[in-house]
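Please open the model in your viewer and keep a selection box handy. We will walk through it stop by stop, with something to select at each one.

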Protein chains: 2
Amino acid sequence: MIKTEMLRVFVEVARAGNLVSAAESLGRAPSAVSMTLKQLEAHLGQPLFESERKSRLTALGTYVFEMSNRELAHFDRTITALTDFASARRGEVRIAVVPSFAMTILPELVLEFTAASPNVRLDIRDMDSASIQRELERERIDLGIVSDARQTAEVRLVELASDHFGVVMRADNQLAKRKKISWQALARAGLIANPLCERIDEPELHGALERAHLRVHNTTTLLTMVRAGLGVTLLPELVCRQADSRITFRELASPVAHRRIDLISRARDTPSPATSAFAEFLTARMAERTNLSR
Amino acid sequence: MIKTEMLRVFVEVARAGNLVSAAESLGRAPSAVSMTLKQLEAHLGQPLFESERKSRLTALGTYVFEMSNRELAHFDRTITALTDFASARRGEVRIAVVPSFAMTILPELVLEFTAASPNVRLDIRDMDSASIQRELERERIDLGIVSDARQTAEVRLVELASDHFGVVMRADNQLAKRKKISWQALARAGLIANPLCERIDEPELHGALERAHLRVHNTTTLLTMVRAGLGVTLLPELVCRQADSRITFRELASPVAHRRIDLISRARDTPSPATSAFAEFLTARMAERTNLSR
DNA sequence: TTTTTTTACGAACATCGTAAGGATA
DNA sequence: TATCCTTACGATGTTCGTAAAAAAA
């Protein structure tokens, strides 16, 4: 049977023009090269060189040389692709993310990851948590970033961050002078409602939300409003950690409302190396953030 | 090092879904297949199957399966191309032929050869003998069919046919009743001149050629003229052997003029297998013709 | 004669199959 | 429990390098 190694030996001899230097660059003894060459000629039934000196190719030799070069290039590209994929230097990761995370923290992480792994394709879409869970189980995505997921037999779960709500205000707001802010103080400060904070189960907050004149869905718009001095709002700390210096975050007086950000993946599948790499990158970076904030 | 055999084994196991039946279709023992598979996984550093039962692929396994299928198909195509070329089932033969041969005997030979070797490309052009010799030495063609070539150090020569001139006439011509025809009889019969017969060095012919009312270059046209009863002409026997029953060939009374048809190739090169095959086919068929005509 | 290639032969290596042991559905 | 896979181990076959012979320049 003709093997790639035979082609590699022949190509090197044809390129070098003699056995000795070809053997040297192949790291073999001339005798081994000679026998491999003889083996290939036996398979083809015809000589590859014009004379016993390996300087001139026959017509068959020229043809085999060209074909072998193409074949070896193709083979080497394939092996590189396989090892790259296996070592997470190549591949695709399909990720679905809740909007609050996708629009705030994710971009800088993606930027860093893609810089380090330029041949790993990230396919990112944003979705509500329930849809993410469904798409994951249907194998439409590889990873999901959701809030307050529950672990099941199908879903493996890793906590990315345990977040707590606090008050977001303009830096020159009077409330910024306090360390912690009570529900009463918040109610008097002109609260801007948003979907995230409406899920907080806190009776004293409900009155304030009902009296709010403004309700904004999009987080970016919400922060713009705060920056413009239209009021204050309640957001998880992570969401506004990267906001500019004109915006200040203050913790609430007890009790503090929590929400968890989880990374989910299919429990029964071995993820692709690129998926594992991105998942590990995410958990590592988010662990660093949590430690920094304490 | 990753070898094609590893990929072949993996692909077969992935396709079969289990080791035992894959081993059977590969003609190996399950243990050998198991070890080859383990070797591939060791090279990649990651598992290819979800569990030890080889029924479900990992993401890496799926990728390797697809890439390996493509690679093996490419490799097998290359090997087929190489062996086909070596055994003359594939290739290209560039041939230059003198017009008298190209337009008369060659077509039926080419038809037969291409029917038997459909993947051998024949590149045929017609040319005068001197140009053919030059193009052969410049490696622009692989074979030449010329008349009266001379053997040199650069040119290998094989005689395809030793041809003699005779009289070509319509079947109902009076001359057709004779076995051999003298120069005098020819001169009285209304000779049509042509470039081939003008090179015959025979004083008695010269007068007849000077009195000819018609001179035709193209052999096909020439035979059409003869068929129409416009006269008789002088041609090498081979040129009109395949002509229809309405045309008759008669030998000349002594002396008979000769010309040789030679197949030439480069003496210093090993020809491609397809070139050798076509050359051998030509000489064999032409030898048959010569034997038949005696 | 000098360089290059081939051949002969023993050693190293990888691969294979048999048989036994484990793991999984 | 039955099937499937892996491991252990001895046998086989292939590949390799050294050294000597043969061939070509």
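How far is a phosphate oxygen of DNA strand D from an N or O atom in the side chain of A:Arg28? Select both and check: the separation is 3.4 Å. Keep in mind throughout that you are looking at a predicted model.

**Stop 1: DNA strand D**

Stay with the strand and pick A:Ser31 next. Here the partner is a base: one of the base oxygens of DNA strand D sits 3.0 Å from a side-chain N or O atom of A:Ser31. Now move over to chain B and select B:Leu19. In this case the backbone does the work of approaching the strand, with an N or O atom of the B:Leu19 backbone 2.8 Å from a phosphate oxygen of DNA strand D. To see where such residues come from, colour helix 3 (30–44) of chain A, then helix 2 (19–26) and helix 3 (30–44) of chain B; these are the elements that contribute two or more residues to the surface near DNA strand D.

Next, widen the selection to everything around the strand. You should find 17 residues surrounding DNA strand D, and the closest are A:Ala29, B:Leu19, B:Ser34, B:Lys38 and B:Lys54. Of the atoms of DNA strand D that come within 4 Å of the protein, 73% belong to sugar and phosphate. Colour that surface by residue class and you get 7 charged, 6 polar and 4 nonpolar residues.

**Stop 2: where chain A meets chain B**

Hide the DNA for a moment and show both chains. Select the contacting residues: there are 34 from chain A and 34 from chain B. Together the two chains bury about 3,000 Å², with 70% of that area on carbon and sulfur atoms.

How many salt bridges cross the interface of chain A and chain B? There are 2. One to zoom in on is the pair A:Arg56 and B:Asp269, whose closest N and O atoms are 2.6 Å apart. Polar contacts link 8 residue pairs across the interface of chain A and chain B, counting pairs with both residues at pLDDT 80 or more.

Now highlight helix 1 (4–16) and helix 4 (59–86) of chain A, each of which supplies at least two residues to the side of chain A that touches chain B. Helix 4 of chain A gives the largest share of that side, 16 residues. Sorted by class, the side of chain A that touches chain B holds 17 nonpolar, 9 charged and 8 polar residues.

**Stop 3: inside chain A**

Finally, isolate chain A and colour by domain. The assignment lists domain 1 (4–86), domain 2 (91–161 + 260–293) and domain 3 (163–259). Keep domains 2 and 3 of chain A on screen: their centres, taken over C-alpha atoms, are 27 Å apart.

Contact here involves 13 residues of domain 2 of chain A and 10 residues of domain 3 of chain A. The two domains bury about 1,000 Å² between them, 59% of it on carbon and sulfur atoms. Select A:Ser100, A:Met103 and A:Thr104 as a group, since no other three residues supply more of the area that domain 2 buries against domain 3 in chain A; their part is 39%.

Which polar links join these two domains? The rule finds 0 salt bridges across the interface of domain 2 and domain 3 of chain A, and 1 residue pair in polar contact, both at pLDDT 80 or more. As a last selection, take strand 10 (258–266) and helix 11 (273–292) of chain A, each giving at least two residues to the side of domain 2 that touches domain 3. That side of domain 2 of chain A divides into 5 nonpolar, 4 polar and 4 charged residues.

Terms used. Residues are numbered from 1 along each chain as its sequence is written. Chains are lettered from A and ligands numbered from 1 in the order in which they are written. Side-chain values use heavy atoms; hydrogens and water are left out. A residue is near a molecule or strand if one of its heavy atoms lies within 4 Å of it. A polar contact is a pair of N or O atoms within 3.5 Å; within protein, one must be able to donate a hydrogen and the other to accept it, and residues adjacent in sequence count only if both atoms are side-chain atoms. Helices (H or I, at least four residues) and strands (E, at least two) are DSSP runs, numbered from the N terminus. Ala, Val, Leu, Ile, Met, Phe, Trp, Tyr, Cys and Pro count as nonpolar, Asp, Glu, Lys and Arg as charged, and the others, Gly among them, as polar. Contact means heavy atoms within 4.5 Å. Buried area is the accessible area (1.4 Å probe) that two parts lose on being put together, summed over both. A salt bridge is a side-chain nitrogen of Lys or Arg within 4 Å of a carboxyl oxygen of Asp or Glu. Domain bounds come from an automatic or database domain assignment.
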